[in-house]
Amino acid sequence: MPTPTTTLALGPDWLDPEWLISTFGLLGILAIVFAESGLLIGFFLPGDSLLFTAGLLTADGQYITYPLWLVCLLVTIAAVAGDQVGYAFGRKVGPSLFRRPNSRLFKQENVLKAHEFFEKYGARSIVLARFVPIVRTFTPIVAGVSRMNYRTFVTYNVIGGVLWGSGVTVLGYFLGQIPFVKDNIELILVAIVAISVIPIAIELLRARIAAKRGASAAERAAAEEAIRETRQHYGKH
């Protein structure tokens, strides 16, 4: 079994993109993209850095010998299929998802965060969520719970799958031919991971600042009421 040639400082070897690709090849990439796109257990997988590395290694001809267009096509199909499964799961599970207890691989806060994202951006959230870790896993599920119009969902799902699946892979392919990028793969991957978590970091920072300032009793009551109404709304369906 190949050993990782790039050890990503932000996680264990088995989450290192290059090790995953060198070990499982294109099939492994597709499985991870599928899982991260709509399965509850896939939220921790390295989607962005994995696709960038896939493009880079496709350009380099290392581990991936398929043409770029085929890699992009298969990745896009896996991404779209993953969201479809997430949507179907959401429709089937429905309101019970908001009452499901926390576990090692499931946190209610992730569902509520995706729901807030979905409510804020509407149908566009299916596309935008592709570029936000964790949220991209739960948003199609929340769309299913909310019974979003299926045709609308499919349209935005395909658009998001193409922009994310093909876009990040193509970016890695062309940047991977730049000497500096090839010589500093680990640095580039760390940068990609850092950029992808910026939205989450901003939200955490805003929450911490708000906590230090101290929310008024009315603001706290409004926040609690919003959460309660969300759970009651889904509890009636």
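Visitor: Which residues form one aromatic cluster in this model?
Guide: This is a predicted model. In it, a single aromatic cluster brings together three residues by name. They are Tyr-87, Tyr-150 and Phe-153.

Visitor: Is the aromatic pair of Tyr-87 and Phe-153 stacked or edge-to-face?
Guide: The whole structure contains four aromatic pairs. For Tyr-87 and Phe-153, the ring centres are 4.4 Å apart and the planes meet at 25°. Planes under 30 degrees apart count as stacked. The pair of Tyr-87 and Phe-153 is therefore stacked.

Visitor: How many residues apart in the chain are Tyr-87 and Phe-153?
Guide: Tyr-87 belongs to helix 3, and Phe-153 to helix 7 (residues 150–175). Both Tyr-87 and Phe-153 are buried. The pair links distant parts of the chain, with a separation of 66 residues.

Visitor: Is the aromatic pair of Tyr-173 and Phe-174 stacked or edge-to-face?
Guide: The centres of these two rings, Tyr-173 and Phe-174, are 5.2 Å apart, with 85° between the planes. An angle over 60 degrees counts as edge-to-face. The pair of Tyr-173 and Phe-174 is therefore edge-to-face.

Visitor: Is Phe-174 buried or exposed?
Guide: Tyr-173, its partner in the pair, has 21% relative accessibility and counts as partly exposed. Phe-174 has a relative accessible area of 51%. Exposed means over 50%, so Phe-174 is exposed.

Visitor: What is the N to O distance in the salt bridge of Arg-136 and Glu-36?
Guide: The structure has three salt bridges, and one of them joins the side chains of Arg-136 and Glu-36. The pair links distant parts of the chain, Arg-136 being in helix 6 (residues 135–145) and Glu-36 in helix 1 (residues 17–38), 100 residues apart. Arg-136 and Glu-36 are both buried. Their N to O distance is 3.0 Å.

Visitor: Which parts of the chain does the salt bridge of Asp-48 and Arg-136 tie together?
Guide: The side chains of Asp-48 and Arg-136 meet in a salt bridge of 3.1 Å, N to O. Because Asp-48 lies in one helix and Arg-136 in another, the pair ties together parts that are 88 residues apart in sequence. Those parts are helix 2 and helix 6.

Visitor: Where does Arg-130 lie, given its salt bridge with Asp-83?
Guide: The closest N and O atoms of Arg-130 and Asp-83 are 3.3 Å apart in this salt bridge. Asp-83 is in helix 3 (residues 68–93), so the pair ties together parts 47 residues apart in sequence. Arg-130 itself lies in the loop between helix 5 (125–128) and helix 6.

Visitor: Are Arg-130 and Asp-83 buried or exposed?
Guide: Arg-130 has a relative accessible area of 2%. Asp-83 has a relative accessibility of 2%. Buried means under 20%, so Arg-130 and Asp-83 are buried.

Visitor: Which residues do salt bridges that share partners join into one network?
Guide: Arg-136 meets Glu-36 in a salt bridge, and Arg-136 also meets Asp-48 in one. The salt bridges that share partners make one network. The network joins Glu-36, Asp-48 and Arg-136.

Visitor: How many of the 14 residues of helix 2 are buried?
Guide: Helix 2 (residues 47–60) reaches 20 Å from its first C-alpha to its last, close to the 20 Å expected. Its buried residues include Asp-48, Phe-52 and Thr-58. Helix 2 is mostly covered, and its buried residues number twelve.

Visitor: What is the phi of Gly-61?
Guide: Gly-61 follows helix 2. The phi of Gly-61 is positive, near 75°.

Notes. Residues are numbered from 1 along each chain as its sequence is written. This is a predicted model: local features need pLDDT of at least 70, side-chain atom pairs count only at pLDDT 80 or more; totals for chains, interfaces and linings use all residues. Side-chain values use heavy atoms; hydrogens and water are left out. Helices (H or I, at least four residues) and strands (E, at least two) are DSSP runs, numbered from the N terminus. The expected span of a helix is 1.5 Å times one less than its number of residues. Buried means under 20% relative accessible area, exposed over 50%, partly exposed in between (1.4 Å probe, protein chains only). A salt bridge is a side-chain nitrogen of Lys or Arg within 4 Å of a carboxyl oxygen of Asp or Glu. Rings of Phe, Tyr and Trp (its six-membered ring) pair if their centres lie within 6.5 Å; planes under 30 degrees apart count as stacked, over 60 as edge-to-face and the rest as tilted.
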